[in-house]
Amino acid sequence: NHKFDSVKQVLLGDVGTGKSSIVLRFVKGQFVEFQESTIGAAFFTRTLSMNDQTVKFEIWDTAGQERYHSLAPMYYRGAAAAIIAYDITNPATFTRAKKWVQELQAQGTAGIVMALAGNKADLLEARKVTAEEALAYAQENNLFFMETSAKAAINVNEIFHEIAKRLLQS
Ligand code: GTP
Ligand code: MG
């Protein structure tokens with residue numbers, strides 16, 4: 001019956017993949033069509049109860065614009081968990097996600113729990129990255145994978161629950 005005070009959690013991924021939208025959905029249950037591009041980073045918290053344990057997520061939502069790349073280590077340093085987001089309609093964002101995974105594997109916390117989020121899963125007709133390809137990549141690189149939609153509220157709570165579950169097991 002141990003209780004986490006807090007879990008530092010970071011979101012990384014290319015510009016426009018929906019990182020802020022995923023956090024907004026998780027923390028406030030909201031979605032906005034014209035979400036502004038993040039400048040620097042934004043901070044949010046939400047506490048999840050898991051059986052008799054609680055996990056307080058302290059979430060750093062980073063800016064995907066390349067000019068902010070050099071700030072990223074401040075946000076992932078010491079992070080126990082990371083969500084790396086790409087947009088299933090944009091293959092370049094999947095390539096960028098793999099770069100973030102490499103960077104976290106090289107510079108991130110040892111044993112960090114990493115989740116790969118294929119976001120905008122509501123846009124199935126515009127899909128360019130298959131779930132099979134992303135799943136294979138995730139399995140090879142020791143992450144877990146979910147397709148999410150901040151807009152349609154698909155797998156957003158689930159991805160944070162899975163992170164909490166894995167943190168509590170570790
Ligand atoms: P940066 O802060 O610039 O790095 O971008 P971001 O990754 O935070 O993306 P953001 O949440 O700002 O979303 C970018 C755009 O995609 C916004 O217009 C959102 O409304 C839209 N969007 C985000 N998630 C989804 C989704 O699941 N489905 C659809 N259809 N649109 C989404
Ligand atoms: Mg953002």
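**Exercise 1. The shell around ligand 1**

How many nonpolar, polar and charged residues does the shell around ligand 1 have? Work this out on the predicted model shown above, then find which helix gives the largest share of that shell.

*Solution.* Start with who is there: 24 residues surround ligand 1. The closest are K19, S21, S37, G64 and D122. Next, sort the shell by class, and you get eleven polar, seven charged and six nonpolar residues. Finally, look at where they come from. Helix α1, which runs over residues 19–28, supplies the largest share, with three residues.

**Exercise 2. Polar partners of the ligand**

Look at N119, K120 and A150: what distance separates an N or O atom in each of them from an atom of ligand 1?

*Solution.* Take them one by one.

- N119: an N or O atom in its side chain is 3.2 Å from a nitrogen atom of ligand 1.
- K120: here the ligand offers an oxygen atom, 3.1 Å from an N or O atom in the K120 side chain.
- A150: this residue uses its backbone, with an N or O atom 2.9 Å from an oxygen atom of ligand 1.

Now step back to the ligand as a whole. On its own, ligand 1 has 650 Å² of accessible area, and the protein covers 91% of that. The space that ligand 1 takes is also the largest pocket.

**Exercise 3. Buried or exposed?**

Decide for R25, T38 and L168: is each one buried or exposed? Say where each sits, too.

*Solution.* The cut-off you need is that buried means under 20% relative accessible area.

R25 first. You'll find R25 in helix α1. Its relative accessible area is 18%, so R25 is buried. Its C-alpha is 16 Å from that of D87, and the two are 62 residues apart in sequence.

T38 next. This residue is in the loop between α1 and β2. At 13% relative accessible area, T38 counts as buried. Its side chain also has a partner: a polar contact of 2.7 Å links T38 to the side chain of S20.

L168 last. Helix α5, residues 156–169, is its home. With 15%, L168 is buried as well. Along the chain L168 and V55 are 113 residues apart, yet in space their C-alpha atoms are 8.6 Å apart.

**Exercise 4. A residue in between**

Which class of exposure fits K8?

*Solution.* Place the residue first: K8 belongs to strand β1, residues 7–13. Then check the value against the cut-offs, where partly exposed lies between 20% and 50%. K8 has a relative accessible area of 22%, and therefore it is partly exposed. For a sense of its surroundings, compare K8 with S70: 62 residues separate them in sequence, and 19 Å separate their C-alpha atoms in space.

**Exercise 5. Positive phi without glycine**

What is phi, roughly, for N51 and N142, and where do these residues lie?

*Solution.* Read the angles first. N51 has a positive phi of about 55°, although it isn't a glycine. For N142, phi is near 65°, again a positive value in a residue other than glycine.

Then find the loops. N51 lies between β2 and β3, while N142 lies between α4 and β6.

To finish, check exposure, with over 50% as the cut-off for exposed. N51 has a relative accessible area of 84%, so it is exposed. N142, at 69%, is exposed too.

Notes. Residues are numbered from 1 along each chain as its sequence is written. Chains are lettered from A and ligands numbered from 1 in the order in which they are written. This is a predicted model: local features need pLDDT of at least 70, side-chain atom pairs count only at pLDDT 80 or more; totals for chains, interfaces and linings use all residues. Side-chain values use heavy atoms; hydrogens and water are left out. A residue is near a molecule or strand if one of its heavy atoms lies within 4 Å of it. A polar contact is a pair of N or O atoms within 3.5 Å; within protein, one must be able to donate a hydrogen and the other to accept it, and residues adjacent in sequence count only if both atoms are side-chain atoms. Accessible areas come from the Shrake-Rupley method with a 1.4 Å probe; for residues, only the protein chains shown count as cover. On a 1 Å grid over the protein atoms alone, a cavity is a set of points where a 1.4 Å probe fits but cannot get out, and a pocket is an open set with protein on both sides within 12 Å along at least five of seven lines; lining residues have an atom within 4 Å of a point. A molecule sits in a cavity or pocket if more than half of its atoms lie within 2 Å of its grid points. Helices (H or I, at least four residues) and strands (E, at least two) are DSSP runs, numbered from the N terminus. Ala, Val, Leu, Ile, Met, Phe, Trp, Tyr, Cys and Pro count as nonpolar, Asp, Glu, Lys and Arg as charged, and the others, Gly among them, as polar. Buried means under 20% relative accessible area, exposed over 50%, partly exposed in between (1.4 Å probe, protein chains only).
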